[in-house]
Amino acid sequence: MLDFFTIFSKGGLVLWCFQGVSDSCTGPVNALIRSVLLQERGGNNSFTHEALTLKYKLDNQFELVFVVGFQKILTLTYVDKLIDDVHRLFRDKYRTEIQQQSALSLLNGTFDFQNDFLRLLREAEESSKIRAPTAMKKFEDSDKAKKPVRSMIETRGEKPKEKAKNSKKRGAKKEGSDGPLATSKAVLAEKSGLPAGPENGELSKEELIRRKREEFIQKHGRGMEKSSKSMKSDAPKEKGKKAPRVWELGGSTNKEVLDYSTPTTNGTSEAALSEDINLIRGTGPGGQLQDLDCSSSDDEGAAQNSTKPSATKGTLGGMFGMLKGLVGSKSLSREDMESVLDKMRDHLIAKNVAADIAVQLCESVANKLEGKVMGTFSTVTSTVKQALQESLVQILQPQRRVDMLRDIMDAQRCQRPYVVTFCGVNGVGKSTNLAKISFWLLENGFSVLIAACDTFRAGAVEQLRTHTRRLSALHPPENHGGRTMVQLFEKGYGKDAAGIAMEAIAFARNQGFDVVLVDTAGRMQDNAPLMTALAKLITVNTPDLVLFVGEALVGNEAVDQLVKFNRALADHSMAQTPRLIDGIVLTKFDTIDDKVGAAISMTYITSKPIVFVGTGQTYCDLRSLNAKAVVAALMKA
């Protein structure tokens, strides 16, 4: 039983609707538009919303959308046939009204489609019932039954047909050549007192076994002799022993080398510390995030060089090259786009986009362009490429935009700290990028408390302590009226991370800190105990923002990490509505050149925005994502 079937234009005008139940179809259809159609995720024609499954079809020629909804526990095999039949009949019946393409004509038009729809629904249901079950194949119909029994019997010592044919071919190539096989046949013939030749028939089984044994001894006996000789020749080489290396500073008693009496700060001299801080801070405005720039000087030089030889081309060849592949005023079909989409898919995979995501993106573009009428001077390649670029830009600009500074100001008005939790796998740069975000917040005038909740990795607390000391040197209390701008809250190792985070938030509320940044231990997505601990930390402390830190180097692994992190947070959460990942921090972006596909994979799989991009090793190497620059780098050949 269908819950509803609706037909509307891409401009949002509902042309016709069928209600099978009393519940309104507005909520599910709006969710489909918001999550799939506007986000360019049309690779799959099915969408699940709460207890409903929605299937849809796009008519790109007339800019129409056909949507059917039914309970997801039902298995309705006739839905695909029904939606195709309704699409075909509705388009043919009201072609003149739709072709006017004006909102006023569509509003004034009367689409009396109820009786036709009920007839098509009845036919589709009956066709699904009439369909007979497929009969099982009998043994008499199989290929095995057609073979004679004699051909399936193999006796010991006989060769199969294929091997016999190969042996015949080999024998034909070796005709007239004397070898060990011929000599062995002659020897056997002499021993048996019979002349060697085909007229004497085949050899007996005992003779075959004896002949093969002799061949084996001849072959492997020579190899054993060679190996024994090589071992003897290598033995006398190991006579002298290697002299031990003498290190320059080993066992030195020089007072100048052993003098550590210079003033230090945590093992580092004060002069070196001031120099390191200037290097670590980096150049550029720390309080304002710059847009990510994926272009390089090499690309500009190549673009300039590519424009020069174009002027020397012949006008005739340039004209034919321009006219080649023009579509004309006709509608695109799957066959027209197949070769171009295959090249686009391989190009995306080469740029580090996950394979499944690349397939879904190309399928979405095909659904978007199928049946669309193209202009006279437009090629299939340029049309598909432009549609793919628009889809990628839309994917990198998801539904929710995270504005941390505005949210922190809202939390200040409520007199509470703004809490951010960082999570991710091992070695992706959580602590380093936490320090970069701390510096960015300090530059904007917010005080930061860093909670060291990584109680598992050795050196994690010391790493945060070093960052805190350097950030304090960049923003000393004297410059802020005696107020401590950054502080580390730590309880050592082996403690409960959720409890430390709770104490840190209470401490920040009492001391008046604006932001609490919670650093967690790195964990693999398959580690159930650690994922349970992370879900407990997030459920107990309810942070304002949960950021997943991922590398820009990963390809297919990005999909696996994000899917399993979200699934683990949902499974191990004790809340009725579990808290999932809110945003992404993409690190090591300066190491990938133009292979920026991980940004597409992460955003596509989670529908969450990339909040920060790490591009270097200094505190100023933090950027905001520029969707157009990333897509330009992704589409670059």
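Helices (H or I, at least four residues) and strands (E, at least two) are DSSP runs, numbered from the N terminus. The model shown in these views is predicted.

**View 1. The span annotated in UniProt, residues 609–622.** The unreviewed UniProt entry places the annotation "domain: SRP54-type proteins GTP-binding" on residues 609–622. In the model, 43% of this span is strand and 0% is helix. Its end C-alpha atoms are 16 Å apart.

**View 2. The whole protein chain, for orientation.** The protein chain has 637 residues, of which 38% count as buried. It contains 24 helices and 16 strands. Among contacts with a separation of 6 or more, 74% join residues 24 or more positions apart. The exposed area is about 37900 Å², with 52% of it supplied by carbon and sulfur atoms.

**View 3. The open sheet of five strands.** The strand order is E2-E1-E5-E4-E3, and the pairing is antiparallel. Strand E2 (14–19) and strand E3 (46–49) are the edge strands, each pairing on one side only. On average, and with direction ignored, neighbouring strands of this sheet are turned by 20 degrees against each other. Helix H2 packs on the sheet and touches strand E1 (4–9), E2, E4 and E5. The direction of H2 makes about 35 degrees with that of E4.

**View 4. Strand E4 and its two hairpins, one with E3 and one with E5.** Strands of a sheet pair through backbone hydrogen bonds, either parallel or antiparallel. Four bridges connect E3 with E4, and these two strands run antiparallel. Across this pairing, Thr48 stands opposite Thr53 in E4. Two residues lie between the strands of the E3 and E4 hairpin, where Glu50 takes a positive phi near 55 degrees. On the other pairing, eight bridges connect strand E4 (residues 52–59) with E5, again in antiparallel fashion. Lys55 has Val68 in E5 as its bridge partner, and Asp59 has Leu64 in E5. The hairpin of E4 and E5 has four residues between the strands, and Glu63 in the turn has a positive phi of about 60 degrees. Six of the eight residues of E4 are buried, so this strand is largely enclosed by the rest of the structure.

**View 5. Aromatic contact between strand E5 and helix H2.** The model holds 14 aromatic pairs. In one of them, Phe66 and Phe90 meet edge-to-face, at 6.1 Å centre to centre and with 85 degrees between the planes. Phe66 lies in strand E5 (residues 64–71) and Phe90 in helix H2 (residues 79–93), so the pair ties together parts that are 24 residues apart in sequence. Residues under 20% relative accessible area count as buried. Phe66 has a relative accessible area of 0% and is therefore buried. Phe90 also counts as buried, because its relative accessibility is 0%.

**View 6. Aromatic contact between helix H18 and the loop that follows strand E15.** Phe439 and Tyr619 form a stacked aromatic pair, 5.7 Å centre to centre with 25 degrees between the planes. Phe439 belongs to helix H18 (residues 430–443), and Tyr619 to the loop between strand E15 (610–614) and strand E16 (622–624). The two residues are 180 residues apart, and their pair links distant parts of the chain. Phe439 counts as buried because its relative accessibility is 1%. Tyr619 has a relative accessibility of 4% and therefore counts as buried too.

**View 7. An aromatic cluster that includes Phe66 and Phe90.** Both residues of the pair in View 5 belong to one cluster with Phe5, Trp16, Phe18, Tyr94, Phe113 and Phe117.

**View 8. The open sheet of nine strands.** The order is E8-E16-E15-E14-E13-E9-E12-E10-E11, and the pairing is mixed. At the edges, strand E8 (290–291) and strand E11 (486–489) each pair on one side only. Strand E13 (residues 545–551) and strand E14 (residues 583–587) run parallel and are joined by five bridges. Within this pairing, Phe548 stands opposite Ile584 in E14.

**View 9. Helix H19 on strands of the nine-stranded sheet.** Helix H19 (residues 460–474) lies across strand E10 (448–452), E11 and strand E12 (515–519). The helix runs at about 165 degrees to E11.

Notes: Residues numbered from 1 in each chain as written. Predicted model: local features only at pLDDT ≥ 70, side-chain atom pairs only at ≥ 80, totals over all residues. Heavy atoms only, no water. Pairing = 2+ DSSP bridges. Contact = heavy atoms within 4.5 Å. Axes fitted to C-alpha atoms, helices over the stretch in contact; angles between N-to-C directions. UniProt positions renumbered as here; feature names shortened; annotations may be inferred. Phe/Tyr/Trp six-rings, centres within 6.5 Å; stacked < 30°, edge-to-face > 60°. Buried < 20%, exposed > 50% of the residue type's maximum accessible area, 1.4 Å probe, protein only. Areas by Shrake-Rupley, 256 points an atom, 1.4 Å probe, with all protein chains shown as cover.
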